[in-house]
Amino acid sequence: MSITLTKAPFKADHVGSLLRPDNLHNARKEFKEGNLTAAQLREVENKEIERIVDKQIELGLESVTDGEFRRTWFHLDFLEHLNGIEGFVPEQGYQFAGQETEKYDVRNNGKISFNPDHPFLQDVKDLINIVNGRATVKFAIPSPNMLFNDGILNPDIYPDLEAYADDIIKTYQDALQAFYDTGLRYLQLDDVYIAGLAADSVPWNEEATDRDYLIDLAVRVLNESLAEKPDDLIVSTHLCRGNYRSTWAFSGGYDRIAPKLFAKGNVDGFFLEYDDERSGGFNPLKYIPEDGPRVVLGVITSKSGELEDKDEVVARIKGASEYVPLNQLCLSPQCGFASTHHGNELTEEQQWTKLSFVTEVAKEIWE
């Protein structure tokens with residue numbers, strides 16, 4: 001069952017990942033140790049996904065997700081099941097503010113293409129069945145640009161970056177059609193890479209790498225990946241600065257990428273992080289075309305349980321409306337609550353309170 005969309009992204013929306021409960025952590029541990037079968041693990045996952053779907057609907061959210069409960073990482077689980085990509089354990093994890101992540105990554109080991117037996121397709125089908133038409137199913141996968149992250153490309157397989165980009169585009173064109181065929185109508189592309197291209201805190205050797213060329217390439221890859229999508233498949237993108245156990249990877253506003261990505265990105269919505277001073281100002285929003293993509297303001301943090309002041313949130317939304325019409329704006333937390341299975345440093349009760357707050361503020365502003 002699918003729902004024809006007219007409003008997504010919604011006025012009260014969310015990025016998607018949710019805190020994993022202890023019994024799910026335990027079940028995954030038991031499965032890894034050989035004490036649970038894959039079928040038994042999936043039964044636990046299904047029960048927990050049913051619970052959180054019911055909770056999202058209860059809170060008034062119009063888009064619901066599976067919380068990414070079947071994943072370890074928001075991106076690697078999807079990427080490692082593409083043809084030509086494999087998972088491996090590197091010598092170091094990703095570097096975040098104050099800590100290093102668990103060691104896991106992906107790398108290119110052959111020509112890249114979409115795997116028609118990708119396990120995420122069954123995950124979407126199961127989520128659609130669980131929701132059963134009660135709300136709009138939303139599902140997130142990593143942006144095609146995440147395959148440009150350092151260390152993934154194998155130059156022996158792809159000596160030419162443009163050829164690598166072309167195969168990524170075809171892979172995602174096939175992926176989008178496959179997800180559409182499951183009945184999905186609302187897809188999100190999570191993109192840390194292009195946000196990093198805008199970040200002042202990321203060290204760049206401008207002589208060795210033309211950052212403007214990489215921005216142009218990233219926008220091309222995004223747009224051409226979407227060029228053949230069905231008209232009624234809504235696609236948004238979330239620009240993320242890193243989210244691991246309530247820490248972050250880098251800082252910086254959207255100024256450098258806005259004239260290209262915001263002005264020319266052919267998505268239906270931009271989920272943007274605006275929860276603290278690392279995010280920069282609203283001025284880059286001036287590049288969003290009027291009557292173009294919706295801008296989902298992530299002015300509510302998912303990194304702590306402390307609830308924001310409602311008046312301040314309303315004031316920030318009104319501040320953004322100086323650059324984008326109010327009816328083109330939406331509200332969400334700035335990121336997911338658990339971009340990896342570890343989760344952020346807050347309780348599940350605080351998570352639900354945050355999402356309830358999103359719906360409450362959105363009703364106050366737009367209804």
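# Exercises on a predicted model

At 0% relative accessibility, Phe270 counts as buried. The structure is a predicted model, and the exercises below start from this residue.

**Exercise 1.** Classify the pair formed by the rings of Phe262 and Phe270, and state whether Phe262 is buried or exposed.

Solution.
- Step 1. The ring centres of Phe262 and Phe270 are 5.1 Å apart. Rings pair if their centres lie within 6.5 Å, so the distance condition is met.
- Step 2. The planes of the two rings stand at 55°. Planes under 30 degrees apart count as stacked and over 60 as edge-to-face, so this pair is tilted.
- Step 3. The relative accessible area of Phe262 is 0%. Buried means under 20%, so Phe262 is buried.

**Exercise 2.** Locate Pro284 and find which residues it is in contact with, leaving aside its neighbours within four places in sequence.

Solution.
- Step 1. Pro284 belongs to the loop between strand S10 (269-273) and S11.
- Step 2. With a relative accessible area of 1%, Pro284 is buried.
- Step 3. Once neighbours within four places in sequence are set aside, the contacts of Pro284 are Tyr254, Asp255, Ala258 and Phe262.
- Step 4. Pro284 and Phe262 are 22 residues apart along the chain, and 8.1 Å separates their C-alpha atoms.

**Exercise 3.** Determine how many aromatic pairs a search of the whole structure finds, and describe the one formed by Phe78 and Tyr172.

Solution.
- Step 1. The search of the whole structure gives 13 aromatic pairs.
- Step 2. In one of them, Phe78 and Tyr172 lie 6.0 Å centre to centre with 55° between the planes, a tilted arrangement.
- Step 3. This pair links distant parts of the chain, as Phe78 is in helix H3 (residues 76-79) and Tyr172 is in helix H5 (residues 161-182), 94 residues apart.
- Step 4. Phe78 is buried at a relative accessible area of 0%, and Tyr172 is buried at 1%.
- Step 5. Phe78 and Tyr172 belong to one aromatic cluster together with Phe120, Phe139 and Phe179.

**Exercise 4.** Identify the rings whose faces Arg71 and Arg107 lie over.

Solution.
- Step 1. Arg71 lies over the face of Phe139, at 5.0 Å from the ring centre. Phe139 is one of the members of the aromatic cluster in Exercise 3.
- Step 2. Arg107 lies over the face of Phe88, at 4.1 Å from the ring centre.

**Exercise 5.** Give the strand order of the six-stranded open sheet and name its edge strands.

Solution.
- Step 1. The order is S7-S8-S9-S10-S11-S12, with parallel pairing.
- Step 2. Strand S7 (139-142) and S12 each pair on one side only, and these are the edge strands.
- Step 3. On average, neighbouring strands of this sheet are turned by 25° against each other, direction ignored.
- Step 4. Within the sheet, strand S8 (residues 186-191) pairs with strand S9 (residues 234-239) in the parallel sense over six bridges. Asp190 has His238 in S9 as its bridge partner.

**Exercise 6.** Describe how S11 and S12 pair, and explain why S12 counts as largely enclosed by the rest of the structure.

Solution.
- Step 1. Four bridges join strand S11 (residues 294-300) and S12 in the parallel sense. Val296 stands opposite Cys330 in S12.
- Step 2. From S11 the chain crosses through helix H9 (residues 310-320) to S12, a right-handed β-α-β crossover.
- Step 3. Strand S12 (residues 329-333) has five of its five residues buried, so it is largely enclosed by the rest of the structure.

How values were computed
Residues numbered from 1 in each chain as written. Predicted model: local features only at pLDDT ≥ 70, side-chain atom pairs only at ≥ 80, totals over all residues. Heavy atoms only, no water. Helix = DSSP H or I, 4+ residues; strand = E, 2+ residues; numbered from the N terminus. Buried < 20%, exposed > 50% of the residue type's maximum accessible area, 1.4 Å probe, protein only. Lys NZ or Arg CZ within 6 Å of the ring centre and 35° of its normal. Pairing = 2+ DSSP bridges. Right-handed = clockwise from strand over helix to strand, strands pointing away. Axes fitted to C-alpha atoms, helices over the stretch in contact; angles between N-to-C directions. Contact = heavy atoms within 4.5 Å.
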